[in-house]
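Thanks for sharing this one with me. Here are my notes, in numbered points, to read alongside the structure.

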Amino acid sequence: MNVLKAIFKFVPIFILAGLMMSGQDALLAATIAAVAAVVVAKLTERISFKECMDAAMDSVKNIIVALFILMFAYAMASAFMSTGVGASVVNIALSLGITARTVAIVGLCVTGILSVATGTSWGTFAACAPIFLWLVHIVDPNCIETGSLLLTTCAIAGGACFGDNIGLISDTTIVSSGIQGVEVVDRIRSQGVWSVLCLVLAAIVFFIAATVMGLPNQAVEASNVLDSVPQSALDYLAEEKPEAINLLDQVQNGVALYMIVPLILVIGLAISGLNTFGCIGTGIVSAYVLGLFAGTTSFNGGGLQDYLNMCMDGFADAGSWVIIMMMWVAAFGGIMGKMKAFDPLANLIVRVSHNVRQLMFCNGLLCLTGNAILSDEMAQIVTVGPIIKGITEENVEAETEEDMYKLKLRNATFGDAMGVFGSQLIPWHVYLGFYVGIAANVYPLFQFSNTDFIKYNFMAMIAVASILILTVTGLDRVIPLFGLPKEPKVKLRKKTDKENIA
């Protein structure tokens, strides 16, 4: 009976996954799944409707800051397209001879650097999507057919997650470290070499993929950019996204190179420790001010009001679908956590693990599974984090505090990496819903879907697979500072020892 009960608790995630995989809109799928979770919670744990709503609201509270960042990110994306920030980056890249074969690698590296500086993958993707999605279109007008559009899209999506997993100011890094009781600096130091190796390996794989796909390797002239866009597409952009027309015009006609300064400011201020809102806000304001000198913005004749209206439209674009969808997904995760859907998995981990490495490997799998069930990386971190912490502390004994601390560091990395990178591999995840919204908003010539961000997301694939393989095989010892303590420095407690502790 207990087994059937445990399985029944997973019915809501099966509903969510099934609806998303069948092509149903994420907003409707999350809503239906949340309602199903309420029913299951009532039937299995006799949790009242009010308790479900309280759990749902508590979960939504965890992402309130992210929702505000999202609105500002949409506004910054529009600002970077209309004022010349994106065009300046594109023109510099074109002058350096970037091609369809190299644009994905450049996008991966740029977003990797920017995400470390800003601490947010969402803000990074919002800032870079209008630049690189149009850049790949310019260097390869047939990017949709050749696959270079999705290759580049996946590159900037994966690169944007790099800093979210290792950034000093990343919310997921801070929260996952705090739950496990480790210092953020120690976390970054322990996983630093592994993270950089994942980025380098991903860059190599992207280049190999671009070569195998036979993508064009010829540089293009900026003066011909509008010739690559069909008139029907230009008419559509003029109606749906006029900022994209501005970007293309600025690339073709030229824009002051100092318009790259807002992007540099965002990076520089983030490195100096300014919070995410300050970084994004500075980007929006500086883009307008420098645009006055470059001629891309104006003050007279209602120019300032037009700019403010554009930012307001960005808020509206974010709130019209993505934010509501994310709130429903977060609510769903809160209800799943309230009914303790993960307890059977935690008990299973203890039973099947025969040594510490197997236990830690299973902790990583539990984080990934939790991310798939909750469909939200922060919900996974705050829900599963305490579970894997308890599993480790109750079932492992270490010779020294230092050895136990290393296990805590790995748990913190698991929670963050499986949350951020794992989200890139889960079709129904809220992360991908956000990315689809941003990509469709800045490049409406292609109908993006959640699975498009998985197909070539080599960064996420490498990060998730490598940390699990390195952990269970012991090969993490070959990576500086990343190895776990050997047995018998750490070992599983015997059943009698655990009973005595209890």
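1. Let me begin with Asn 450, which sits in the loop between helix 23 (430–442) and helix 24 (452–455). Its relative accessibility is 13%, and because buried means under 20%, Asn 450 counts as buried. A polar atom of the Asn 450 side chain lies 2.7 Å from the backbone oxygen of Pro 427. Please keep in mind here, and in every point below, that this is a predicted model.

2. Next, the loop between helix 25 (458–473) and strand 2 (490–492), where Lys 489 is found. Pro 488 lies in this loop too, and the peptide bond leading into Pro 488 from Glu 487 is cis, with omega near 10°. Leu 481 is another residue of the loop between helix 25 and strand 2. Leu 481 is not a glycine, yet its phi is positive, at about 70°. Both features deserve a look, because most residues other than glycine have a negative phi and most peptide bonds are trans. As for its surroundings, Leu 481 counts as exposed because its relative accessibility is 60%.

3. Where else does a residue have a positive phi although it is not a glycine? Arg 46 is such a case, with a phi of about 55°. You will find Arg 46 in the loop between helix 3 (26–45) and helix 4 (49–61). With 73% relative accessibility, Arg 46 counts as exposed.

4. Now to charge on the surface. Which residues gather in a patch of positive charge? They are Lys 406, Arg 477, Lys 486 and Lys 489. Lys 489, already met in the loop between helix 25 and strand 2, has a relative accessibility of 43% and therefore counts as partly exposed.

5. The surface also carries a nonpolar patch of about 730 Å², made by Tyr 258, Val 261, Leu 265, Val 285, Val 289, Leu 292, Phe 293 and Phe 299. Two elements give two or more residues to this patch: helix 15 (261–272) and helix 16 (276–294). Of these, helix 16 gives the most, with four residues. Val 285 is found in helix 16, and at 52% relative accessibility Val 285 counts as exposed.

6. How many salt bridges does a search of the whole structure find? The count is seven. I will go through three of the pairs, starting with Asp 416 and Arg 187, whose side chains meet at 2.9 Å, N to O. This pair links distant parts of the chain, with Asp 416 in helix 22 (residues 401–423) and Arg 187 in helix 12 (residues 184–212), 229 residues apart. Are these two residues buried or exposed? Both Asp 416 and Arg 187 are buried.

7. Another salt bridge joins the side chains of Asp 476 and Arg 410, at 3.2 Å from N to O. Here a loop and a helix are linked: Asp 476 is in the loop between helix 25 and strand 2, while Arg 410 is in helix 22, 66 residues apart. Asp 476 is buried, and Arg 410 is buried as well.

8. The third pair is Glu 45 and Lys 5, with a salt bridge of 3.4 Å, N to O. Why does this pair tie together parts that are 40 residues apart in sequence? Because Glu 45 lies in helix 3 and Lys 5 in helix 1 (residues 2–8). Both partners have some exposure to report: Glu 45 is partly exposed, with a relative accessible area of 33%, and Lys 5 counts as partly exposed at 31% relative accessibility. Lys 5 and Glu 45 also belong to one network with Lys 9, joined by salt bridges that share partners.

9. Finally, a distance to try out in your viewer. The C-alpha atoms of Val 116 and Ile 32 are separated by 36 Å, and the two residues are 84 apart along the chain. Val 116 has its place in helix 7 (residues 103–118). With a relative accessible area of 35%, Val 116 is partly exposed.

Notes. Residues numbered from 1 in each chain as written. Predicted model: local features only at pLDDT ≥ 70, side-chain atom pairs only at ≥ 80, totals over all residues. Heavy atoms only, no water. Patch = residues over 30% accessible without salt bridge, like charges linked within 9 Å, V, L, I, M, F, W, Y side chains within 5 Å. Areas by Shrake-Rupley, 256 points an atom, 1.4 Å probe, with all protein chains shown as cover. Salt bridge = Lys/Arg side-chain N within 4 Å of Asp/Glu carboxyl O. Lys, Arg positive; Asp, Glu negative; His and termini not counted. Charge placed at Lys NZ, Arg CZ, Asp CG, Glu CD. Buried < 20%, exposed > 50% of the residue type's maximum accessible area, 1.4 Å probe, protein only. Polar contact = N/O pair within 3.5 Å; in protein donor to acceptor, adjacent residues only side chain to side chain.
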